[in-house]
Each structure stands twice: as C-alpha cells, then as structure tokens.
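Reader: I would like a close look at a single part of this model, set in the context of the chain around it. Please take me through it slowly and say how far the prediction can be trusted as you go.

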Amino acid sequence: MTTGASSPGPDAQPADDSGGGSPDPQRAFAAMGEPTRYRILEVLAQSASTVGGVAEAIGALQPQTTKHLQALEAAGLIRVHKLGRRRVASLDRSAFAALAAHLGGWAGPDPDADALHAYEQAIAREVGDPGRSRIVSLRAVVAAPAEAVWRAWTDPRIAGRWWAPSHFEVRELSLAAEEGSPIRFALGEPGGAVYRSAGRVLEVDHGRRLVFALAPVDEAGEALFGAVHTVELTGTDAETVVALRIEATGIREGAAEAVAGLEPGWTQLLGALTAYFDAG
C-alpha cells in the first residue's frame with residue numbers, strides 16, 4: 001500500500017467506516033464515465049494510495065484530485081480512510097462485486113437475440129435471392145393430447161394467447177375450423193405499429209389436419225405473397241407431434257422482410273404453443 005507520501009492534510013471528506021455496500025448502478029457508472037475518475041480507479045485497483053499519491057500517479061493537481069475522489073466516494077466506489085491527518089483512498093471492492101453481479105445479469109443467454117440474428121440473416125438471404133418460392137418445415141412436440149392442441153389452433157380465444165412472437169401481441173384473430181371461412185389476423189408491437197394478415201381456411205380434418213392460407217397484406221389489403229400453411233397432428237393421449245409446412249409463392253417485390261420472418265416467427269410461435277401447455 002502506498003502510504004509513504006507526504007501528508008496531504010485534511011483535504012478529503014472522511015468515509016463511513018461501516019464497510020461497503022451496493023452502490024446505485026446508474027450513479028456509479030456515471031461517476032466512472034469521467035475519464036480522470038476512471039484513471040483514478042485504475043490506480044486504486046493496483047493499490048490503495050494517499051490523495052497525494054493518486055494526484056502524482058495521474059499527473060493532476062491535488063485539489064482537483066480531491067474533488068474527483070469525493071465524487072467517487074459519494075458514488076460508493078471508493079473509501080477514503082481518515083488516518084489522523086492523512087487520507088488514504090482505496091477501492092470499495094464489495095461495491096465492484098455488486099456492480100459485476102448487476103452486469104452479469106445482463107450477460108446471460110437471450111433467446112430474443114438469437115431469434116433477431118436468425119431473422120436478420122433470413123432477410124439478407126431473401127434480399128440476395130428475391131422472388132423464389134419458399135418452403136418452411138417445422139416440428140414441435142407438445143405435452144397435450146391432439147384434441148387439446150387442435151383447440152389451441154382453432155379456438156381464437158386460445159390461439160390468441162400463444163400466436164404472437166416475442167414483443168408482439170395479438171390485436172385481432174378471427175378464424176373458424178370450417179372450409180372457406182375467412183381468417184383475419186393482426187399483430188401489434190410497442191410504439192403502435194400494427195401488422196395485418198388475411199386468408200381463409202382451405203381444408204379441415206378435425207383433430208388431425210388443418211390447411212389455411214394466411215399472408216401479410218399491404219395498406220390496400222393486398223397479400224404480399226401467397227402462403228399455404230399445413231398443420232398435421234399425430235401422437236398419443238400424453239403428447240402431440242405438430243408438423244407445420246408453409247409454402248410461400250408469388251412473392252412480390254419488397255416482401256423480403258415478411259417472407260424472411262416465416263421461419264423464425266413460426267419457430268417462436270411453436271415454442272409459445274409448447275410453453276402454453278407446459279404451463280398447464
């Protein structure tokens with residue numbers, strides 16, 4: 001510990017000797033964001049030091065250094081120990097441990113980030129090869145009998161609880177398990193944007209197979225492309241295998257974003273369907 005420098009006098013406020021704590025993260029990061037204070041923290045990370053020693057290490061005048069130390073102490077990042085007429089500053093290690101734990105909570109896995117990355121890559125592929133027909137095939141195993149899963153697909157009151165990707169909510173969902181019946185669907189997201197789709201039911205084999213056309217529409221209500229969805233259910237009384245096949249054709253110019261969203265979007269939806277039944 002660097003304690004041999006000449007006494008700087010009573011030029012820093014005494015610290016609370018009760019020990020460290022958990023600083024307010026926003027205030028702590030704001031204090032650290034000032035370049036000189038950050039350099040002071042780097043110095044103190046190596047060793048505790050007198051106020052004069054810190055000033056010498058950073059090449060600053062002692063009065064200015066004292067003000068920076070006071071700001072860091074007020075933010076809960078350091079402690080200034082009153083040792084008679086001497087003042088010795090040290091990092092509050094427990095405060096940094098608390099900040100590390102706070103940031104660690106932000107560093108965990110983020111399924112949304114993976115989905116966004118997949119979507120971004122899909123858009124790039126569509127832009128690079130526009131207009132070509134697409135086929136998406138997905139599969140999920142749901143912990144529920146086929147009859148219950150069928151209701152989850154065909155009862156709008158249930159479907160509206162899972163038929164939305166992350167950060168979206170179902171604003172409108174109108175469908176009936178009857179051949180020829182229209183489908184109206186709208187998703188909303190924070191900020192007020194609403195995305196509408198429309199289509200109709202093409203084929204119904206109760207409890208086993210549902211075929212419907214559904215595609216996003218433009219402001220004039222015209223489909224951006226054709227999309228036929230085939231849902232097939234097989235399984236036992238304990239679980240159901242959901243096989244989904246989507247064939248996109250007639251893709252209009254400017255529809256790359258919508259087409260690219262089919263696979264990552266429906267992957268999220270099937271995950272939400274599975275979670276719906278896992279939650280009982």
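Author: Two strands are said to pair here if DSSP finds at least two bridges between them. By that criterion strand β7, residues 194–205, and strand β8, residues 209–216, pair in the antiparallel sense over eight bridges, and one of the residue pairs between them sets Asp-205 opposite Arg-209 in β8. What follows concerns a predicted model, and the part I have chosen is the sheet to which these strands belong.

That sheet is open and has seven strands, which follow one another in the order β4-β10-β9-β8-β7-β6-β5 with antiparallel pairing. Its edges are formed by β4, residues 134–142, and by β5, each of which pairs on one side only. On average, and with direction ignored, neighbouring strands of the sheet are turned by 20° against each other. Helix α10, residues 262–278, packs on this sheet, where it touches β4, β9 (226–235) and β10 (240–249), and the direction of the helix makes about 15° with that of β4.

Let me now follow the sheet from the β5 edge inward. In the loop between α8 (156–159) and β5 sits His-167, a residue with a positive phi of about 75° although it is not a glycine. This deserves a second look, because most residues other than glycine have a negative phi. With a relative accessibility of 57%, His-167 counts as exposed, because that value is over 50%.

Beyond this loop, β5 pairs with β6 in the antiparallel sense over five bridges, and among the facing residues are Ser-174 and, opposite it in β6, Arg-184. The loop that joins β5 (169–174) to β6 (182–188) contains Ser-181. This serine has a relative accessibility of 10%, so it falls under the 20% limit and counts as buried. If its neighbours within four places in sequence are left aside, Ser-181 is in contact with Ala-176, Arg-200 and Val-201; the last two belong to β7, whose residues run from 194 to 205.

The next strand, β6, has five of its seven residues buried, so it is largely enclosed by the rest of the structure. Seven bridges join β6 to β7, and these two strands run antiparallel; one of the residue pairs places Gly-188 opposite Val-194 in β7. Together, β6 and β7 form a hairpin with five residues between them, and in its turn Gly-191 has a positive phi of about 105°.

After α10, the helix that packs on the sheet, comes a segment that contains Gly-280. At 96% relative accessibility this glycine counts as exposed, because the value is over 50%. The C-alpha atom of Gly-280 is separated by 9.4 Å from that of Ala-144, although the two residues are 136 apart along the chain.

The rest of the chain gives this sheet its setting. The secondary structure comes to ten helices and ten strands, and three of the strands form another open sheet, with the order β1-β3-β2 and antiparallel pairing. In that sheet β1 (49–50) and β2 (78–83) stand at the edges with a single partner strand each, so one side of each is left without a neighbour in the sheet. Two bridges join β1 to β3, residues 86–91, and the two run antiparallel, with Thr-50 opposite Val-88 in β3.

As for overall form, the C-alpha trace spans about 90 × 45 × 25 Å along its principal axes, and the radius of gyration is 30 Å, whereas a compact globule of 280 residues would have one near 19 Å. Buried residues make up 38% of the chain. Of the contacts with a separation of 6 or more, 55% are between residues 24 or more positions apart.

On confidence, the mean pLDDT of the chain is 90, and 92% of the residues reach 70 or more. Among the elements, helix α6 (residues 111–128) has the lowest mean, 85, and helix α2 (residues 35–46) the highest, 98. Over residues 1–19, however, pLDDT stays under 50, and for this stretch the model has 44 contacts beyond four places in sequence. Where pLDDT is low, the predicted coordinates should not be read in detail.

Methods
Residues numbered from 1 in each chain as written. Predicted model: local features only at pLDDT ≥ 70, side-chain atom pairs only at ≥ 80, totals over all residues. Heavy atoms only, no water. Helix = DSSP H or I, 4+ residues; strand = E, 2+ residues; numbered from the N terminus. Buried < 20%, exposed > 50% of the residue type's maximum accessible area, 1.4 Å probe, protein only. Contact = heavy atoms within 4.5 Å. Axes fitted to C-alpha atoms, helices over the stretch in contact; angles between N-to-C directions. Rg over C-alpha atoms; globule rule 2.2 N^0.38 Å. pLDDT = per-residue confidence, 0-100.
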